[in-house]
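Here are some exercises to work through with the model open beside you. Try each task on your own, then follow the solution step by step.

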Amino acid sequence: MIAQKFQEFIERTVGTLKRDPRICGIALGGSYITGQMDDYSDLDFIIVVEPDCFDQVLDEKMAMADKLGDLLSAFTGEHVGVPNLLICLYDAPLLHVDFHFRPLDRAGERADEPAILYEKNGALTNIYRRTGITREGLDLQWLEDRFWVWVHYIALKIARGELLEAIDAITFIRARVIGAMLHVKKGSPPRGVRHLERDAPEFMPALVKTVPTHDACSCADALRAEIELYRELRQPYLNRLVTRDKAEKRAVEYLDQVATLLSGGENELRP
């Protein structure tokens, strides 16, 4: 049973948009279909449009969203590579709502099985039956080719005292590499660190060690914790990877030098 604030918004959205003859289907994804909605959830709508009208609907998407509630702000999803996504914040109640607009001929491209709320003439049911789920993959070789370069870069920033830059880069690795690999290990799409507290609790002590404070030694320790996690998560795939052993050795050696310098054991870094 979902909260009333969500149910009311869903009913209003479906009731309003289905009157538009250009809309041939409305579905919901995300936590709505997994049964894990709570007071902190958002709504992930999929709005399927007649292909001939798609560009026109995209031009009007902001006005369409404005009719569905007290729209505080909205913007499109170019920053996540999805320009047809409209990200909205509504008031009374305060809700985060995403509208992903798709033409009918591309509605089958999906990473999960959304719940159909409205469709004309079985449009979504038919296309979902003909197509399968395509889950986002994780290119482990892509990660291996880059990981040790990133490690050396972060060690440089720590040594120079650019700790905010180092913290940002450590955070990037936690999400883009460690979190993604953990999700794959758990059989879910590689979506950063979302829900890892719930889905991978056994890794929480190790993950917490990857969160640094604004302190050089803390940053070095966090980066080393990420290296340990990466090596552990990489282990099952070693037979299919071209490992960058020399880069790994030199990057880790340099991080060791930085850590020693920070602890007062050396006066300068060796090249």
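Contact here means heavy atoms within 4.5 Å. This is a predicted model, in which local features need pLDDT of at least 70, side-chain atom pairs count only at pLDDT 80 or more, and totals for chains, interfaces and linings use all residues. Residues are numbered from 1 along each chain as its sequence is written, and side-chain values use heavy atoms, with hydrogens and water left out.

**Exercise 1. Overall dimensions**

Task: Describe the protein as a whole, starting from its radius of gyration.

Solution. Begin with the elements: there are 10 helices and six strands. These are DSSP runs numbered from the N terminus, with helices being H or I of at least four residues and strands E of at least two.

Next, take the radius of gyration over C-alpha atoms, and for a globule use 2.2 Å times the number of residues to the power 0.38. For 271 residues, a compact globule would come out near 18 Å, but the protein has 23 Å. Its C-alpha atoms fill a box of roughly 75 × 40 × 35 Å along the principal axes.

Then turn to the surface, using Shrake-Rupley areas with a 1.4 Å probe, where only the protein chains shown count as cover for residues. About 14700 Å² is exposed, and carbon and sulfur atoms supply 51% of that area. For single residues, buried means under 20% relative accessible area, exposed over 50%, and partly exposed in between (1.4 Å probe, protein chains only). By this rule, 41% of the 271 residues count as buried.

Finally, look at sequence separation. Among contacts with a separation of 6 or more, 58% join residues 24 or more positions apart.

**Exercise 2. A helix pair**

Task: How do the axes of helix 5 and helix 9 cross, and which residues make the contact?

Solution. First locate the pair: helix 5 spans residues 140-160 and helix 9 spans residues 216-234. Their axes, lines fitted to C-alpha atoms over the stretch in contact, have an angle between N-to-C directions that runs from 0 to 180 degrees. The two axes come within 10 Å and cross at roughly 170°. Helix 5 is therefore roughly antiparallel to helix 9, a label for angles over 145 degrees (under 35 is roughly parallel, 65 to 115 roughly perpendicular, and the rest oblique).

Now list the partners. Helix 5 brings L143, E144, F147, W148, V151, I154, A155 and I158, while helix 9 brings A216, C219, A220, L223, E226, I227, Y230, R231 and R234. These residues divide into 13 nonpolar, no polar and four charged. In this scheme Ala, Val, Leu, Ile, Met, Phe, Trp, Tyr, Cys and Pro are nonpolar, Asp, Glu, Lys and Arg are charged, and the others, Gly among them, are polar.

**Exercise 3. Unusual backbone angles**

Task: Where is the cis peptide bond between A92 and P93, and what is the phi of A92?

Solution. Start from the background: most residues other than glycine have a negative phi, and most peptide bonds are trans. The bond joining A92 and P93 is cis, with omega about 5°. P93 sits in the loop between strand 4 (82-91) and strand 5 (95-103), and A92 is placed in the loop between strand 4 and strand 5.

A92 has a positive phi of about 55° although it is not a glycine. A92 is also exposed, at 66% relative accessible area.

For a further case, go to H195, in the loop between helix 6 (163-185) and helix 7 (196-199). H195 is not glycine either, and its phi is positive, near 65°. With a relative accessible area of 38%, H195 is partly exposed.

**Exercise 4. Residue surroundings**

Task: Are T13 and L124 buried or exposed, and which residues does each touch?

Solution. Take T13 in helix 1 (residues 4-17). T13 is buried, with 0% relative accessibility. Setting aside residues up to four places away in sequence, T13 touches I26, F45, L68 and F99.

Move on to L124 in helix 4 (residues 123-130). L124 is buried as well, at 0% relative accessibility. Beyond four places in sequence, the contacts of L124 include I26, V48, L104 and Y118.
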